[in-house]
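Reader: I am new to this structure and should be grateful for a close look at a single part of it. Please take one residue as the point of departure and work outwards from there.

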Amino acid sequence: MKTAGMKYAPELQELLGQAAGGKEWMPLAGSVDVPGEVKAKIHRLGIKGLFPKARYPEAALSGLWLYFSQLDESHRISQDLETPEGSYWHGIMHRREPDAGNAGYWFRQMGRHAVFPALLEAAQEVIAKHPGVSYPVGKQWDPYLLIEFCEKARQRPGSNEEKLAMELQRVEWQILFDYCVEPGL
């Protein structure tokens, strides 16, 4: 599985470039305002223009809306996807709402996901860059642990915990998004 270096359709690359790597668009909770032209472009291009060969194009679109912190748009799509990917995006959306209980429900619906091994490896690298923050990552990726960690980190704006939570959230987004965008078999 390719991650973070995947080639996207040019229109999608342009949209993602407008968000400077997702750093300003992905808070731990809530939505943010994005330029109207970004929303209009996503709607205009749609699934076929943004994800022409994607394995899970609807799930990728749900993830793209999350990238731009448009929780309602993401929710509208993910709640209708009866796939592990739809449940995963749905869980992330509720974690960011924040609604930890509902997020946990959707992660239980999803079960173990194919991206978990890559996510665990990437998370371990990220956690190692934050030696003063305690994040008890185990031998398998645990989405419930990230829910709990984000809940606590939100209570400490500007803290190292919040920075780590946001970085883990970006890594999770990137790996799941690339998995969904990767060309189908």
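Author: A suitable point of departure is Ser62, which lies in helix α3. The model is a predicted one, and the description that follows should be read accordingly. Ser62 has a relative accessible area of 0% and is therefore buried, the cut-off being under 20%. Apart from its neighbours within four places in sequence, Ser62 is in contact with Ser74, Ile77, Ser78 and Trp89.

One of these partners, Trp89, leads to helix α5, for Trp89 is among the residues of α5 that make the contact with α3. How do the axes of α3 and α5 cross? They come within 9 Å and cross at roughly 15 degrees. Since angles under 35 degrees count as roughly parallel, α3 is roughly parallel to α5. The crossing in which α3 passes α5 is left-handed. On the side of α3, the contact is made by Ala59, Ala60, Ser62, Gly63 and Leu66. On the side of α5, Glu85, Trp89, Ile92, Met93 and Arg96 take part. By character, the residues of this contact of α3 with α5 comprise 6 nonpolar, 2 polar and 2 charged.

Helix α3, residues 57-67, also meets helix α2, residues 36-50. The axes of these two helices come within 10 Å and cross at roughly 160 degrees. Because an angle over 145 degrees counts as roughly antiparallel, α2 is roughly antiparallel to α3. Here the crossing is right-handed as α2 passes α3. Helix α2 contributes Lys39, Ile42, His43, Ile47 and Leu50 to the contact. Helix α3 contributes Pro57, Glu58, Leu61, Leu64 and Trp65. Of the residues in the contact of α2 with α3, 7 are nonpolar, 1 is polar and 2 are charged.

The loop between α3 and α4, the latter covering residues 71-78, contains Ser69. Ser69 is buried, because its relative accessibility is 0%. What is the phi of Ser69? It is positive, at about 60 degrees, although Ser69 is not a glycine. Such a value deserves mention because most residues other than glycine have a negative phi.

The description may now return to helix α5, which spans residues 84-96 and includes Ser87. With a relative accessibility of 7%, Ser87 counts as buried. Once neighbours within four places in sequence are set aside, Ser87 is in contact with Leu81, Trp106, Gln109 and Met110.

After α5 comes a loop that runs between α5 and α6, the latter being residues 100-110, and Pro98 has its place in this loop. The peptide bond from Glu97 to Pro98 is cis, and its omega is near 0 degrees. As a general matter, most peptide bonds are trans.

Within helix α6 one finds Asn102. Is Asn102 buried or partly exposed? Its relative accessible area is 25%, so Asn102 is partly exposed. The C-alpha atom of Asn102 is separated by 7.1 Å from that of Gly91, although the two residues are 11 residues apart along the chain.

Another pair of C-alpha atoms may be set beside this one. Ala153, in helix α8 (residues 143-154), is 10 residues from Lys163 along the chain, and the C-alpha atoms of the two are separated by 8.2 Å. Ala153 is buried, its relative accessible area being 0%. Neighbours within four places in sequence aside, Ala153 is in contact with Leu28, Ser159, Glu161, Glu162 and Ala165.

It remains to consider the cysteines and disulfides. How many disulfides does the count give? It comes to 0 disulfides. Cys150 is in no disulfide, and the nearest cysteine sulfur, in Cys180, is 19 Å away. Seen from Cys180, the closest cysteine sulfur is that of Cys150, and the 19 Å between them is too far for a bond, because a disulfide requires sulfur atoms within 2.5 Å. Cys150 counts as buried because its relative accessibility is 0%. Cys180, with a relative accessibility of 0%, counts as buried too.

Terms used. Residues numbered from 1 in each chain as written. Predicted model: local features only at pLDDT ≥ 70, side-chain atom pairs only at ≥ 80, totals over all residues. Heavy atoms only, no water. Axes fitted to C-alpha atoms, helices over the stretch in contact; angles between N-to-C directions. Helix = DSSP H or I, 4+ residues; strand = E, 2+ residues; numbered from the N terminus. Parallel < 35°, antiparallel > 145°, perpendicular 65-115°, else oblique. Left-handed = near helix turned anticlockwise from the far one by under 90°. Contact = heavy atoms within 4.5 Å. Nonpolar A, V, L, I, M, F, W, Y, C, P; charged D, E, K, R; others polar. Buried < 20%, exposed > 50% of the residue type's maximum accessible area, 1.4 Å probe, protein only.
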